[in-house]
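Thanks for coming. I will take a few minutes to walk through one structure, so please have the view open.

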Amino acid sequence: MNCVALAGGVGGAKFADGLARAIGAESLTVIVNTGDDFELYGLHISPDLDTVMYTLAGIANPDTGWGIAGDTWRNFEMLERYGVAPWFRLGDCDLATHLLRSEMLADGQPLSAVTRELCRRLGVAPRVTPMSDDRVRTVVETEVGLLPFQEYFVKHHWQPAVQAILFEGSEEAEPAPGMLRALETADTIVICPSNPYLSIDPILSLRGVRDVLLNATAPIIAVTPIIAGEAVKGPAAKLMRELGKEPSAVEVARHYADFVNGFVLDERDVALADQIKAMGIGVFVADTLMKSVDDRAHLACDVVSFADRLRPEKLGGCRLNRADGSSR
Ligand code: FO1
């Protein structure tokens, strides 16, 4: 089994963790959005890569979804003593990641190699790759002007109304080494329950990605990030309204309709299934709210089985590694 997942943000990281538990970490490749990346204090920060890496390493802060569980904030307190009022908080343990990543990048290593090395040192077994080694930056056009992603998302708490979303650099950027090949040779491709417009679209904007998905032999499944018209976390529903779209799972399915074969709909939205089927997309209804690590693995196992049902020839299903390590 060779599963490739597209992910960004907290929801994507949790589902990627579920996939690793459901099919085995060695069967999983996670392609991660880097449009949220930015420079702070001279450090290169890759929030979505870190959220995926920490979640797969089992050290992510369970309350925020980002940063490291139990982290301390002494560096932050000292910055405040210097009169710096950082709106973007870096924990002391989290800082080690930014220091090492920035040093490796400064030594000329590409982001994909840096990510592989950091994951290796944290014992993260799935292959995690940035969507590109080149600079791509999500910039949000809002009622208060153009905002770099983290200023929109963190400094302004995603409150300014959005008119458009730009991915600066994506025309020139190359997909990360091996990424297109991974998608071409995948047995299953999953679009994780991430924000379609802020986390998945940057990946889809890269040269060749849409073409590979349109011609993929693997079944492509998208998991809804919207339940009963609301995002599980973050601005997706608010963004949809501001972009003139209905904040519903149907709209998300429509957003991916060119290339997805299956859509995982939350059971609270079961009434929407026929509208999605009418687009020629298979529908699987499940409880998609991942409240525990077991929920992640169960959902991922159901999604992989759903993909197998959509595949012309049958392949192996999944074994469910429960959070306590037992399997059945
Ligand atoms: N999000 C916040 O809302 N406030 C923060 O201070 C913050 C710090 C932070 C540090 C490292 C990191 O990897 C992520 C961090 N995030 C913070 C989350 C980040 O903005 C989002 O995870 C993504 O960029 C959107 O998915």
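I will go through the two sheets, then a helix, then the ligand.

A word of caution before that: this is a predicted model.

Let me start with the sheet of seven strands. The sheet is open, its strands pair in parallel, and the order across is 5-2-1-9-10-13-14. Look at the two ends of that order. Strand 5, residues 127-130, and strand 14, residues 282-286, are the edge strands. Each has a single partner strand, so one side of each is left without a neighbour in the sheet. Going from one strand to the next, the twist averages 20 degrees.

Now find strand 1 and strand 9 in that order. Strand 1 covers residues 3-7 and strand 9 covers residues 188-191. The two run parallel, and four bridges join them. For a landmark, go to Val4, which stands opposite Ile189 in strand 9.

On to the other sheet. This one is open as well, with three strands in the order 7-6-8, and here the pairing is antiparallel. Which strands are at its edges? They are strand 7, at 145-148, and strand 8, at 162-168, and each of them pairs on one side only. The twist from one strand to the next averages 25 degrees in this sheet.

Strand 6, residues 137-142, pairs with strand 7 over four bridges, in the antiparallel sense. A landmark here is Glu141, which stands opposite Leu146 in strand 7. Helix 8, made up of residues 196-204, packs on this sheet and touches strand 6 and strand 8. The direction of helix 8 makes about 30 degrees with that of strand 8.

That leaves the ligand. There are 13 residues around it, and those that come nearest are Asp36, Asp48, Phe88, Arg89 and Gln150.

Some distances are worth checking on the screen. In the side chain of Asp48, an N or O atom is 3.3 Å from an oxygen atom of the ligand. The side chain of Trp66 has an N or O atom 3.4 Å from a nitrogen atom of the ligand. With Arg89 the backbone is involved: one of its polar backbone atoms is 2.9 Å from a ligand oxygen atom.

How much of the ligand's accessible area does the protein cover? On its own the ligand has 530 Å² of accessible area, and the protein covers 89% of that.

That is the end of the tour.

Terms used: Residues numbered from 1 in each chain as written. Predicted model: local features only at pLDDT ≥ 70, side-chain atom pairs only at ≥ 80, totals over all residues. Heavy atoms only, no water. Pairing = 2+ DSSP bridges. Axes fitted to C-alpha atoms, helices over the stretch in contact; angles between N-to-C directions. Contact = heavy atoms within 4.5 Å. Near = heavy atom within 4 Å. Polar contact = N/O pair within 3.5 Å; in protein donor to acceptor, adjacent residues only side chain to side chain. Areas by Shrake-Rupley, 256 points an atom, 1.4 Å probe, with all protein chains shown as cover.
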